[in-house]
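Dear colleague,

Please find below the structure that I am passing on to you. A short account of what was found in it follows.

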Protein chains: 2
Amino acid sequence: MVRNKNDQQPEGNPNQKGSLNREAIAAQALHLADTEGIDAVSFRRLAQEFEVTAMAIYRYVDNKDDLLDAMTESMLASFDVSAQQETDWRDQVRGLIYALRQLLLTHPSGRSLLSRRALPSTNRLRIFEASLGILRDAGFEPQEAFLIFEHILNQVVSLVVTGDGYVKGAEEERRLWGAKLLAFYGSLPKQEYPRLVETAPNIAASVDMDHHFKFGADLLMAGVEAFAASKPPRKL
Amino acid sequence: MVRNKNDQQPEGNPNQKGSLNREAIAAQALHLADTEGIDAVSFRRLAQEFEVTAMAIYRYVDNKDDLLDAMTESMLASFDVSAQQETDWRDQVRGLIYALRQLLLTHPSGRSLLSRRALPSTNRLRIFEASLGILRDAGFEPQEAFLIFEHILNQVVSLVVTGDGYVKGAEEERRLWGAKLLAFYGSLPKQEYPRLVETAPNIAASVDMDHHFKFGADLLMAGVEAFAASKPPRKL
DNA sequence: ACCTGAACACCGTTCAAGT
DNA sequence: ACCTGAACACCGTTCAAGT
């Protein structure tokens, strides 16, 4: 290992000129997706970032699908599964939920990446296995455990931010969208849409808000626990 | 009304040559998305379908975003809100869940269309209002009602089919994907991924299966009811 | 009012060629 | 082994022009 990881990176970009490889490409693509949106990720744009031709990237990545796979792996490398070490399964599940939330806050492109139909690679398998383990040890059958895991994944993703296309650090954009939602729902005709007018502030607040997430996580846990309670008592 | 709706439609396409308008464009685009995938929807392709230039479509549709809005409206026109007429709120919510499922089975592109960040048009407002009404009348506060509605929407969408990119009538494709999932998860190293190997059949079965949906819908309802029960008793 | 043609700035991907 | 250049078949969108 002669090369130092930190030699001349222009303004914090994770690319080192001249060192083209799969990991670096995936990391750069992920960074691009998180800061400029998933649509900004293209072979031509990526090539430009590495000061190379678009075709050069095909040496390390089969096609666009494979690139998205690599990005997903790169993202999930930082996923924290330490929640496994809790003693109560409820705390383990809660830990998973909040770890996933943290991941999605750090990587807004996570929503797009995680909802692709693709065979998982090692990092994703690791998380999947750990999650199923927690739920199986809690007393759920395999099918139940799988379904509950899916349930949680989808719900957390939708709770962290409603709608696609958000980008890292776009606080201003979110605020504006929230204001737009409030104005829109708040000014609907009250006779035709009484419930929507009434709920306008809550809809607008859903744009971000920690309270919104906590509320949703509680609802989610209530469902899982209720399901557990409705089963013949084994452990719970 | 001189023109008959049914004069010479080539092989069941909902376009009548020479009658370009917003509704017809939206319907055709939706049909295209449902049968060939959302990516098949382009101005050039759509224009070809109507035997016209791509630019002609811009007379009726502002841009691609507006086109997707119009498609969403076209899709939601067929949404059945008759579940409102049930007497028990649990049946009302169940009715909504199954109506949404029916919509998504008919329109596989629904997943993509419904998860866009956009201001809703009349059909979507109608459904939103009706759903909030059901939940408010059941005794939930505005914020709770909104969150539960979101919860249900996301969960049903993810239950009808896991992963994006499916298309109408692609039963064969789904079957193949299920087989691929089974082979993949079933042949993972047992020592490293015991839970995944064990759960492989359930993961594969999630590709479709009515049982899978019923199971998920029950879990969903269990959560909503548990949340209702945890509140100070007003109606429930 | 409604449609066309040409153009601009993009895509993913293939293939033959360079070093 | 690794990268380039040119090409193909696509995109959304703008603008000036036709009838």
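In this predicted model, chain A contains 10 helices and zero strands. Its pattern along the sequence accordingly reads α-α-α-α-α-α-α-α-α-α.

Chain A has 236 residues, of which 51% are buried. Among its contacts with a separation of 6 or more, 64% join residues that lie 24 or more positions apart. The exposed area of chain A is about 11500 Å², and 51% of this area is supplied by carbon and sulfur atoms.

Turning to the interior, the largest nonpolar core comprises 145 residues. Within this core, A:Phe140 and B:Phe140 are the residues with the most contacts. Beyond its neighbours within four places in sequence, B:Phe140 touches B:Trp89, B:Leu135, B:Ala145 and B:Ile148, and also B:Val224, B:Phe227, B:Ala228 and B:Lys231.

The model also includes DNA, and I take DNA strand D before DNA strand C. Around DNA strand D there are 16 residues, and those that come nearest are A:Thr53, A:Arg59, A:Tyr60, B:Arg44 and B:Lys64. Of the atoms of DNA strand D that come within 4 Å of the protein, 46% belong to sugar and phosphate. Two backbone contacts reach phosphate oxygens of this strand: a polar backbone atom of A:Thr53 is 2.7 Å from one, and a polar backbone atom of B:Lys64 is 2.9 Å from one. B:Arg44 instead approaches a base, with an N or O atom of its side chain 2.5 Å from a base nitrogen of DNA strand D. By class, the residues of the surface near DNA strand D are nine nonpolar, three polar and four charged.

DNA strand C is likewise surrounded by 16 residues, the closest being A:Arg44, A:Lys64, B:Thr53, B:Arg59 and B:Tyr60. Here sugar and phosphate make up 44% of the strand atoms that come within 4 Å of the protein. A side-chain N or O atom of A:Arg44 lies 2.5 Å from a base nitrogen of DNA strand C. Phosphate oxygens of DNA strand C are approached by a backbone N or O atom of A:Phe43 at 3.1 Å and by a side-chain N or O atom of A:Lys64 at 2.9 Å. Two elements give two or more residues to the surface near this strand, namely α2 (43-49) of chain A and α3 (54-57) of chain B. The surface near DNA strand C consists of nine nonpolar, three polar and four charged residues.

With kind regards

Technical notes:
Residues are numbered from 1 along each chain as its sequence is written. Chains are lettered from A and ligands numbered from 1 in the order in which they are written. This is a predicted model: local features need pLDDT of at least 70, side-chain atom pairs count only at pLDDT 80 or more; totals for chains, interfaces and linings use all residues. Side-chain values use heavy atoms; hydrogens and water are left out. Helices (H or I, at least four residues) and strands (E, at least two) are DSSP runs, numbered from the N terminus. Buried means under 20% relative accessible area, exposed over 50%, partly exposed in between (1.4 Å probe, protein chains only). Contact means heavy atoms within 4.5 Å. Accessible areas come from the Shrake-Rupley method with a 1.4 Å probe; for residues, only the protein chains shown count as cover. A nonpolar core is a set of buried Ala, Val, Leu, Ile, Met, Phe, Trp, Tyr and Cys residues joined through side-chain atoms within 4.5 Å. A residue is near a molecule or strand if one of its heavy atoms lies within 4 Å of it. A polar contact is a pair of N or O atoms within 3.5 Å; within protein, one must be able to donate a hydrogen and the other to accept it, and residues adjacent in sequence count only if both atoms are side-chain atoms. Ala, Val, Leu, Ile, Met, Phe, Trp, Tyr, Cys and Pro count as nonpolar, Asp, Glu, Lys and Arg as charged, and the others, Gly among them, as polar.
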